[in-house]
Amino acid sequence: MALRVISAPTLTRDLGRWRQDEGGDKRGRPAYLALAESIRLLIHDGRAPLGVALPSERDLAATLGVSRTTVTSSYALLREHGYLISRQGSRSTVALPSDVAHDGGKPVRSILALMSPNQPTIDMTFAAMSAPPETTDAYSAALQGLPLYLCTHGMDSVGVSPLREAIARRYAERGLPTDPDQILVTLGAQHGLRLLLNVLTAPAERVLIDHPTYPNAIEAIRDVGARPVPVPLRPENPESAWDMDGIRSAARQTAASAAYLLPDFNNPTGLLMGAQDRAELAAIARDTRMTVIIDESMVDQQLDGETPPPVAAFARGPEIVTIGSASKSFWGGLRVGWVRANPALITKLIGIRSTVDLGTPVMDQLATAYLLEHADEMLVHRREQLRSRRAALLEALAEELPEWRVVPSAGGMSLWVQLPSPVSSALAAVAPNHGVLLAAGPRFGVQGAFERFLRLPFAREESDLRIAVKSIASAYSALTPQAAEPLAPITYY
């Protein structure tokens, strides 16, 4: 099989404004170090995929307009820290350091931060809360219920009945009657999405996505050989942020087989789709014969107003499929999710699942069933925490970075912030030097979009959020005046 190679022009485009002045950045940092750090950021953002070869040193140097020595030194630094693998007579291929690749809980650190290993950092790349106190009770209850399953082989590709029944009841309480036979328990929402993409799409087919969206979903679409087709959100109009005409037009023009949308507090924007648009979305799906995958991972993070009925409540047939998760509502360590679909599709998913895994751990399923049965009181408290933390983050931004604009949202766990200039990747590259880790805006889009945006989660303690904003402000002020020069305000993207 031929080795996939990132072309020099493509890498140059994705690097953006990696160098602000000739010979290095404003702090006198060498150009090779700035280039290495920018490539490292692309690797962690998934825009330089693992196993793909980087351009030759000669080609990249010519395209960037730098000396070959600069590129050679950058590649050497990346290789030293485990981000590149080189073999005799072949190109350097993208990799992840072993400590990052095998320890998903370990914060990703920049090459620059490695030079000061003892510098404390606040990780603002995750939108997830710590487990509620009731999680201990949930696992105690699960342990008591476990003996019933110990006499079986314990590998259930559908899910244990108590959990599927609890999920079905939650849907019914939200106005969507659901039978347990319509539920497939998965290893998180991401796992459910991947199973659905394998069944609903074929290589080279188009999948519509709202833009911005959850970055791992973009990679999942690409991994099955499908092509994400972005339909921009309109955050300047929170009451109707989804462009229904754009979705209809894109579905017809691309003959998309599926769509992946987050109408319930979109990640990263926190925007909420209204009931009228939900009804229209279901109609578009029917008219275009497109299956719409609705990700409800954030549905319980309602902070303002009322949440409309589930999108599937407006469906007349199998055109709407829903995935959900316990990760955002309760704890990411549960790794329990689900798919709600018609029984025929559930059967297809079960058939393909055996090629991927043999079921979700029973203990985690029983613990999730307990949490769902006691969810209402817990969620009230967690929403109060999120509102308080959101207020603290907004206050800190107003004090430290008053020129930044926050997209209005109704819930979720993060703010989508517009910067005065397109320096999101540069800011994320510099931020570790100032004690904070950031996810650059382009991570949430395709084709290098959202350099003027940054996702800032508010799931951490208020004190951490205030310190993080001070660190971000310090990093932002460290950018060159040219990089921070404001552009004309935008009203649509």
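**Helix α4, the strands and the cores**

Trainee: On the other side of α4, away from its buried residues, which residues are exposed?
Mentor: Keep in mind that this is a predicted model. Thr-70, Val-71, Ser-74, Tyr-75, Leu-77 and Leu-78 are the buried residues of α4. Exposure here takes over 50% relative accessible area. On the other side of the helix, that applies to Thr-69 and Glu-80.

Trainee: Over what arc around the axis do the buried residues of α4 lie?
Mentor: Start with the general rule: residues three or four places apart in an α-helix point the same way, because there are 3.6 residues a turn. The buried set in α4 includes Thr-70, Ser-74 and Leu-77. The buried residues sit on the same side of α4, because they cover an arc of only 160°.

Trainee: How far apart are the end C-alpha atoms of α4?
Mentor: Helix α4 runs over residues 68-80, which makes 13 residues. At 1.5 Å a residue, the expected span is 18 Å. The model agrees, with the end C-alpha atoms apart by 18 Å.

Trainee: Which residue takes a positive phi just after α4?
Mentor: Look past the end of the helix, which covers residues 68-80. The phi there is about 90°, and the residue is Gly-82.

Trainee: How many of the residues of β8 are buried?
Mentor: Take each side of the strand in turn. Thr-291, Ile-293 and Asp-295 point one way and are buried. Val-292 and Ile-294 point the other way and are buried too. β8 is therefore largely enclosed by the rest of the structure, and the count is five of the five.

Trainee: Which residue in β8 stands opposite Leu-261?
Mentor: Strand β7 covers residues 258-261 and pairs with β8 in the parallel sense, over four bridges. Opposite Leu-261 stands Ile-294.

Trainee: What is the bridge partner of Ile-183 in β10?
Mentor: Both faces of β4 are covered, with Ile-183 and Val-185 buried on one side and Leu-184 and Thr-186 on the other. β4 pairs with β10 (residues 337-340) in the antiparallel sense, over four bridges. In β10, the partner of Ile-183 is Arg-340.

Trainee: Which are the edge strands of the open sheet of three strands, β11-β12-β14?
Mentor: The pairing in this sheet is antiparallel. β11 and β12 pair over two bridges, and Val-406 stands opposite Val-417 in β12. An edge strand pairs on one side only, and that describes β11 and β14.

Trainee: Which helix gives the most to the largest nonpolar core?
Mentor: This core has 57 residues, and Leu-208, Ile-247, Leu-281 and Val-292 have the most contacts inside it. The helix covers residues 362-373 and gives six residues; it is α15.

Trainee: How far apart in space are Pro-308 and Gln-276, C-alpha to C-alpha?
Mentor: Pro-308 is found in the loop between β8 and β9. Its relative accessible area is 14%, so Pro-308 is buried. Beyond its sequence neighbours, its contacts include Leu-272, Met-273 and Arg-278. Gln-276 is 32 residues away in sequence, but the distance in space is 9.3 Å.

Trainee: How many contacts does the stretch 21-27 have beyond near neighbours in sequence?
Mentor: The chain averages a pLDDT of 87, and 88% of the residues score at least 70. Residues 113-117 stay under 50. Residues 21-27 are also below 50, and the number of contacts for this stretch in the model is 14.

Conventions. Residues are numbered from 1 along each chain as its sequence is written. This is a predicted model: local features need pLDDT of at least 70, side-chain atom pairs count only at pLDDT 80 or more; totals for chains, interfaces and linings use all residues. Side-chain values use heavy atoms; hydrogens and water are left out. The expected span of a helix is 1.5 Å times one less than its number of residues. Buried means under 20% relative accessible area, exposed over 50%, partly exposed in between (1.4 Å probe, protein chains only). The arc is that of the directions from the helix axis to the C-beta atoms. pLDDT is the predictor's confidence in each residue, from 0 to 100. Contact means heavy atoms within 4.5 Å. A nonpolar core is a set of buried Ala, Val, Leu, Ile, Met, Phe, Trp, Tyr and Cys residues joined through side-chain atoms within 4.5 Å. Two strands pair if DSSP finds at least two bridges between them.
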